[in-house]
Structure formats: C-alpha cells, structure tokens
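Please open the model in your viewer and keep the selection tool at hand, since this tour moves from one selection to the next. At each stop you will be told what to select and what can be found there.

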Amino acid sequence: MESVDGPRKACHNCRRQRLRCDRARPRCQKCVASGKECLGYGKLFTWTGAVASRGKLAGRTSSAPLASPSKATARRDPRSAFVSSRPQSGAQPGHGKLKYRTPDPNPDLNPDAVELVVRPPSNTAWNGFNRLGIVLVDPLFQDLNPFYRHYLSYFTQRLCKDLVSYDAPDRNPFRGLLPLTRDHPLLRHIVVAASAAHMSNLVKAPLQYGGKSQPHLLLPAGAEEASQRAAQDALVAKHKALSLMRHALQQVDATGGDIILAAALFFINIELIESGKHGWKAHLEGAGKIMSLLQPAVAGNEALRDYISSDCFIYFILASAFMPAAAFDAGSYFQSSRISQILEKAAANSYLCCPPEILAILHAASQLSNKNNDNDSSDDISTTALSLIQKAQSFDIGIWANDVRQVSYLQHVSVQSRIHTGSAHRIAACLYILQAIPNLRAIPGHDDLAKTLSDDLFRHLSSVPEEDVNFKATAWPTFIAGAEASTLDRRAWVMDRLQKLVVSCPWGFLYTAMDTLQIIWHLDSQSDGARSWVQTLKDPNLNFLIV
C-alpha cells in the first residue's frame, strides 16, 4: 500500500539496478532523465505458460517468457523474421471476413488493456540486436515473431507520440490500431514498416546533417549497423504491405474500408519518414478515393477515423501549396467544402497544432496561385489574395488556443505554447500568399509587410523551444521562415532548428526541407527576383511534401 506522500518502494527500474529512486509520480524522474520508460511502482505481470480463459486464445497456453537479447541472437538469424514468405499467424490475404469493427469489450481485446513491458537496454544497447530491447508481451501477440512484436511495441511507445500534439497512453487514438494488426496482415506489415523506418532514422539522427559529426553527437558503437538493419526490415515489411494492399483494394468489403484507409495513411507516413519525395502522392490520391467510399464510422471508432481523415486532409493541403494545378485528381474527395468539417474533429490534439481556418486559407491561396491569368483579372486575383491575408491576420489565435481546455484530458496543456505555434502557422500562411501570388509584389508596402511578418515568425518560433511538445509541429513554418530568410545568421538559425527537429522527430522529409532551402538560397543569389521561390518549388520534378 502507498502512503499519501507517495509510494513506499522504489520503481521497478531503480530496484533492479539498485539505484536510489525519487519515487515521483506518475513516473520516476531518474528514469525520465536517463531516457528510460519507468515501469512504475505497482505489480508487474508476465505470462509464463498460463492458459487463456477467454478471447481468441481461449484454452491455449501462452508462450514462455521471452529470452534475453543474447539468447535470442544465439538461437536465430535476425533476418529470419523476414526471409520467410509465409504469412504471419496463419493469416492469409483475404482469409475469412476481415471487417473493421469496434474492439471487443472483452478486456483481452481492448486496446487500453494491452500491456507493454519495456526492458531497459544494457550498456551495449547498440550491439546490433538492440531491437529486442522493447518487447510486446501481451499473450494475444505471442504468435508473432519477436521482431514484429518489437516494432509493434515501438509503434505504441515512440512513433505514436509523433502522430498527435499531446500524447496520453489511453487517449492517443492511433494506439487503437494495435489490436487490429493482429487480424489484418496488411495493417500489421505497414505499421511495422513505418516503425522500423522511424527507428532507423532515430538511431542515426544525432549525426550532424551533411555527414560531419560533432564530438558530442557521435553514435554509439554498432548504431550504424542497427540503423541499417532496421531500414532493411522496413523495406521488406513495406514490400509485403504493398502486395497485400493490391489484394485488399480488389476486395474492399472483405478487408474493410477503414483498415485500407489506415494503411494508406501509413504508406504516406513511410514516405515522409524516408524522405517526403514522390511516392506519397499516389497513396494520398488513393486515400481520397477510399474516403469517398466509406460508410459512417462504427460506434467506438469515430476518433480513430477522425484523426486518420484529418491527417490525410492536412497532407493534401500542405502538398497543394507547392504543387501545380493538375497535380491531383480532380475527382478527389479532397474538396474545399470538406476542409473545416474534417479538420475540426481532430483540431484539439492534431500533431500540426494549426487552426483549421488557417489551413483553409492556405488551401484557398494555393488554388488562387494556380489560376490562369488569361482567364482571370490580375486585379481580381490580387484583391482576393489580400483579403485572404486580412482574414488570416484577423483570426483570433487566443480563442482557438483556449478551446483545448474544453477537452478533459488536455486541461494541463500550455495554452501559450499553442498560441505561439498557431501564430507561427498563421504568419507562415501570410508569407506564402505574398510569394504565391506574383501580382502582390507590385502593391505598395509589399517588402515592409514581408519583413514585419518574417520578424514576427522568427519571434514566435523562438518561443517554441525543442523541449516543447509542439516543437515537432513547427517544421512547416520553419521551412517558410528559411525560404524568406535573406541573411546568413537567419539561415544558419533555420538550419540549426531543422537539425534539432530531426533529432527529436526523426522524419526524413526534414532532410528534404534542408536540401530544398539550399536550392532556394542558391537561386536567390543568382536570380533577379523576377520569380518567387513558391513558383520555383512548383516544378513537377521536385514533387516533395513538407509537413
């Protein structure tokens, strides 16, 4: 029993390592400071051959305790998890009725009841087999090989945090995908692929961008090899998912539209984790077509559907900013009239931390920039563009930021952080409009307005430090700030911030953003200013996505 002042015993990590524990709630700060997941103070349950009394494994005996990494490596080749072409857990593509449904109320199937045990890595964590340091030990997943259990556990422990603004273990809807991966090989492979790609980037992220390492950023011994192996695992799992996706699209009713939509989103996420170039576009168009076929969400799955749909719309809007008019299928589900309706459902905890109204303005500006001046009056276009800027500037960020307090589990969040992040997106949208509509360059005070906006953008970005939960949401406005930067000091500041973003949020599109800024700065030094950087980025050959 615990006293009113806190737990009487040390946390499980400190007890195992014979360390003095500060007994802080909800987790030991010593564990947090060392980067370990605190196992808490309560009882730990492990499965040691017990017989399941209910659920799909009723009457079956669970597997024995998982072996340590050293024993696992002695028993099997780490590549064996992916060499075999046999489907996992006996699940053949299209086998049975794979309907997307509400998780069974049975605790054994409820995603909130899935228990994860994180085993702290040893001093030789990067020995090439550190992937077994995090293991999903729920008995319902014991039929999966340990490598897949490891990546699924990494998904819940790490990747899920990047998909929302404020992560709470029982409130992050993306964790609801975990129990669905058991019955749907398509979803299982694509989630594993995304997790492995993310892990590969995370391991090598401390390397200084451009290949020059700093002494305090050197990787531990074996980390490069571990990163390469995770990247290989991602490629193989991605290939399997692509094969299953083709089959699923031929039998949508059998697989379930929501399962296919979730898979499409994670195909986009993989492309963003890898580089954000080219491959995402086909998956985004496919996601739009899938959404047009979906029936209303089943009760209990609305939140997951809302977040998946919201992310797809966000990707579409940000992609449209740097894509020519004919880039997307005109018959797509992504239409202006649906933007606010879709985005508002997940606005409080969206990873982007940007008001839906600002995203709608950005989309309108991207559409306006693609209009043919032969058919539309230049004056009309300029007037419309200026009205969009005025609309964005008059939007009350404070009211939007405080709306988060209406969500019970977000009462603790920093409203000031949301104000700075939302303001950065609003200003970035205004700067985009000034560059996307060439006719605006002729209006009086254009340069002064651009400078004022740029100064404000740097001020708000500087107010969201790397330890802030919304730091990951500032990638797009940071890119806009870099594109607008004309001095060496500001350009260096932007590159430093993007490098810090890579370390905290290891998505490959950030490297693409850095490369693209170098292109913009190089062209800026050679051009006469007749062409804006937005027009330069609308080259179909670039075809990149920055989110």
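Start by selecting Ser310, which, leaving aside its neighbours within four places in sequence, is in contact with Ile342, Leu343 and Ala346; contact here means heavy atoms within 4.5 Å. Ser310 has its place in helix α12, residues 302-320, where helices (H or I, at least four residues) and strands (E, at least two) are DSSP runs numbered from the N terminus. With a relative accessible area of 2%, Ser310 is buried; buried means under 20% relative accessible area, exposed over 50%, and partly exposed in between, with a 1.4 Å probe and protein chains only. If you add Ala347 to the selection, you will find its C-alpha atom 8.4 Å from that of Ser310, although the two residues are 37 apart along the chain.

Before going on, note that this is a predicted model, in which local features need pLDDT of at least 70 and side-chain atom pairs count only at pLDDT 80 or more, while totals for chains, interfaces and linings use all residues. Residues are numbered from 1 along each chain as its sequence is written, and side-chain values use heavy atoms, with hydrogens and water left out.

Now show the whole protein chain, which has 22 helices and two strands, and in which buried residues make up 52% of the 547 residues. Among contacts between residues at least 6 apart in sequence, 71% join residues at least 24 apart.

Next, select Thr516 in helix α21, residues 509-526. Thr516 counts as buried, at 7% relative accessibility, and, not counting residues up to four places away in sequence, it touches Phe479, Leu537 and Phe544.

Two of these partners deserve a selection of their own. Rings of Phe, Tyr and Trp (its six-membered ring) pair if their centres lie within 6.5 Å, and planes under 30 degrees apart count as stacked, over 60 as edge-to-face and the rest as tilted. By this rule the count comes to 14 aromatic pairs. Phe479 and Phe544 form one that is edge-to-face, with 6.3 Å from centre to centre and 65° between the planes. Both rings are hidden from the surface by the rule given above: Phe479 is buried with a relative accessible area of 0%, and Phe544 counts as buried at 3%. To see another edge-to-face pair, select Trp507 and Phe509, whose ring centres are 6.5 Å apart and whose planes are at 70°; Trp507 is buried, and so is Phe509.

Widen the view by selecting Phe322, Tyr432, Phe479, Trp533 and Phe544 together, since these form one aromatic cluster. Then turn to the largest nonpolar core, which has 145 residues, and in which Phe322, Tyr432 and Phe479 are among those with the most contacts inside it. A nonpolar core is a set of buried Ala, Val, Leu, Ile, Met, Phe, Trp, Tyr and Cys residues joined through side-chain atoms within 4.5 Å. Helix α10, residues 257-274, gives the most to this core, with 13 residues.

Where is a second, separate core to be found? Select Cys21, Cys28, Cys31 and Tyr41, which are included in this core of eight residues. Cys21 counts as buried, at 12% relative accessibility, and its sulfur is 3.7 Å from the closest cysteine sulfur, in Cys28, which is too far for a bond. A disulfide is a pair of cysteine sulfur atoms within 2.5 Å, and by this rule the count comes to zero disulfides.

For the next stop, look for charges placed over rings, meaning that NZ of Lys or CZ of Arg is within 6 Å of the ring centre and within 35 degrees of the ring normal. Arg418 lies over the face of Trp400, at 4.2 Å from the ring centre, and Arg490 lies over the face of Phe458, at 4.3 Å.

Finish with helix α20, residues 488-504, which has 17 residues and reaches 25 Å from its first C-alpha to its last, close to the expected 24 Å; the expected span of a helix is 1.5 Å times one less than its number of residues. The buried residues of α20 include Arg491, Val494 and Leu498. Ala492 also lies in helix α20, but is partly exposed, with a relative accessible area of 47%. From the C-alpha atom of Ala492 to that of Gly482, 10 residues apart along the chain, the separation is 9.0 Å.
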